[in-house]
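Visitor: I have never looked at this protein before. Could you walk me through it and explain the terms as we go?

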Amino acid sequence: MERSDCRMKIHWKKSVNLLHVHSQRSVTTVCLLFCTQLERQLLMQNEMRERQMAMQIAWSREFLKYFGTFFGIATISLTAGAIKRKKPAFLLPIVPLSFIFTYQYDLGYGTLLHRMKGEAEDILETERSKLQLPKGMITFDSLEKARREQSKFFIDK
């Protein structure tokens with residue numbers, strides 16, 4: 001083998017090795033970028049979930065103010081009517097209204113959300129079969145089949 005051929009082979013091997021190292025770095029870089037993007041998406045989804053829960057709690061507290069006012073006025077009025085007319089039946093509407101008031105108070109200021117979270121965690125751990133979708137998970141093929149059938153339906157019309 002000539003000296004120039006040997007140099008070319010050595011140069012070629014170095015180039016292949018550099019290309020291999022470069023491609024490994026590229027794959028590593030792509031993986032890091034993907035992981036970073038996925039992490040950001042997960043953080044954004046969690047932030048949106050927390051904001052939605054905060055809005056639900058705020059709505060419940062706001063509703064409680066209005067309903068509490070209504071409940072107070074209704075309780076006083078019904079009690080006064082029951083005493084004045086001597087008919088205890090006027091007090092019956094207070095019972096279901098008090099359940100609604102208690103529920104809203106528990107949701108806004110109590111531990112209802114913590115109890116619901118605990119129950120949800122228990123369902124995820126022990127009753128997983130109740131969470132399965134009918135006909136299983138949605139796949140790309142099933143979506144494509146439904147899309148094609150839907151497009152045929154609109155084309156036929």
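## A guided look

Guide: Let's begin with one residue: at 18% relative accessibility, Asp-106 counts as buried. Please keep in mind that this is a predicted model.

Visitor: Why is Asp-106 called buried?

Guide: Buried means under 20% relative accessible area. Asp-106 has 18%, so Asp-106 counts as buried.

Visitor: What makes the contact between Arg-115 and Asp-106 a salt bridge?

Guide: The closest N and O atoms of Arg-115 and Asp-106 are 2.4 Å apart. A salt bridge needs a side-chain nitrogen of Lys or Arg within 4 Å of a carboxyl oxygen of Asp or Glu, so this pair qualifies. As for Arg-115, its relative accessibility is 45%, and that counts as partly exposed.

Visitor: How many salt bridges does the structure hold?

Guide: The structure holds five. Among them is the one between the side chains of Glu-47 and Arg-51, at 3.1 Å from N to O. Another joins the side chains of Glu-62 and Lys-65, at 3.5 Å from N to O. Side chains of opposite charge can pair when their charged atoms come close.

Visitor: Where do Glu-47 and Arg-51 lie?

Guide: Both lie in helix α1, four residues apart, which is about one turn of the helix. Glu-62 and Lys-65 are also in helix α1, three residues apart, again about one turn.

Visitor: Why is Glu-47 called partly exposed?

Guide: Partly exposed covers what falls between under 20% and over 50%. Glu-47 has a relative accessible area of 35%, so the label fits. Glu-62 has 37% and is partly exposed by that rule too.

Visitor: How is the protein laid out along its sequence?

Guide: The pattern reads α-α-α-α, with four helices and zero strands in the protein. Buried residues make up 11% of the 157 residues. The accessible surface comes to about 14,200 Å², and 65% of that belongs to carbon and sulfur atoms.

Visitor: Which residues make up the largest nonpolar core?

Guide: There are six: Phe-67, Phe-71, Ala-74, Leu-78, Ile-94 and Leu-97. Helices α1 (3-85) and α2 (94-109) each supply at least two residues of this core. The largest share, four residues, comes from α1. In soluble globular proteins, nonpolar side chains tend to be buried together.

Visitor: How do you know that Phe-67 counts as buried?

Guide: The relative accessibility of Phe-67 is 10%, and the cut-off for buried is under 20%, so Phe-67 passes. Leaving out residues up to four places away in sequence, Phe-67 touches Leu-97, Ile-100 and Phe-101.

Visitor: What makes the pair of Phe-63 and Phe-67 stacked?

Guide: Their ring centres are 5.8 Å apart, with 10° between the planes. Rings pair if their centres lie within 6.5 Å, and planes under 30 degrees apart count as stacked, so both tests are met. Phe-63 and Phe-67 both lie in helix α1, four residues apart, about one turn of the helix.

Visitor: How many aromatic pairs does the count come to?

Guide: The count comes to six aromatic pairs. One of them, Trp-59 with Phe-63, is stacked at 5.2 Å centre to centre, with 10° between the planes. Trp-59 and Phe-63 are in helix α1 as well, four residues apart. Ring pairs link Trp-59, Phe-63, Phe-67, Phe-70, Phe-71 and Phe-101 into a cluster.

Visitor: Why is Trp-59 called exposed?

Guide: Exposed means over 50%, and Trp-59 has a relative accessible area of 52%, so Trp-59 earns the name. Phe-63, at 29%, is over the buried range and under the exposed one, so Phe-63 counts as partly exposed.

Visitor: Which residues form a nonpolar patch on the surface?

Guide: Leu-133, Met-137, Ile-138 and Leu-143 form one, with about 460 Å² of accessible area together. Leu-143 is in helix α4, which covers residues 140-156.

Visitor: Is Ala-80 in helix α1 buried, partly exposed or exposed?

Guide: Ala-80 has 42% relative accessibility, between the two cut-offs of 20% and 50%, so Ala-80 counts as partly exposed. The C-alpha atoms of Ala-80 and Leu-91 are separated by 9.5 Å, with the two residues 11 apart along the chain.

Conventions. Residues are numbered from 1 along each chain as its sequence is written. This is a predicted model: local features need pLDDT of at least 70, side-chain atom pairs count only at pLDDT 80 or more; totals for chains, interfaces and linings use all residues. Side-chain values use heavy atoms; hydrogens and water are left out. A nonpolar core is a set of buried Ala, Val, Leu, Ile, Met, Phe, Trp, Tyr and Cys residues joined through side-chain atoms within 4.5 Å. Buried means under 20% relative accessible area, exposed over 50%, partly exposed in between (1.4 Å probe, protein chains only). Contact means heavy atoms within 4.5 Å. Rings of Phe, Tyr and Trp (its six-membered ring) pair if their centres lie within 6.5 Å; planes under 30 degrees apart count as stacked, over 60 as edge-to-face and the rest as tilted. Accessible areas come from the Shrake-Rupley method with a 1.4 Å probe; for residues, only the protein chains shown count as cover. Patches are made of residues with over 30% relative accessible area and no salt bridge: like charges are joined within 9 Å, nonpolar side chains (Val, Leu, Ile, Met, Phe, Trp, Tyr) within 5 Å.
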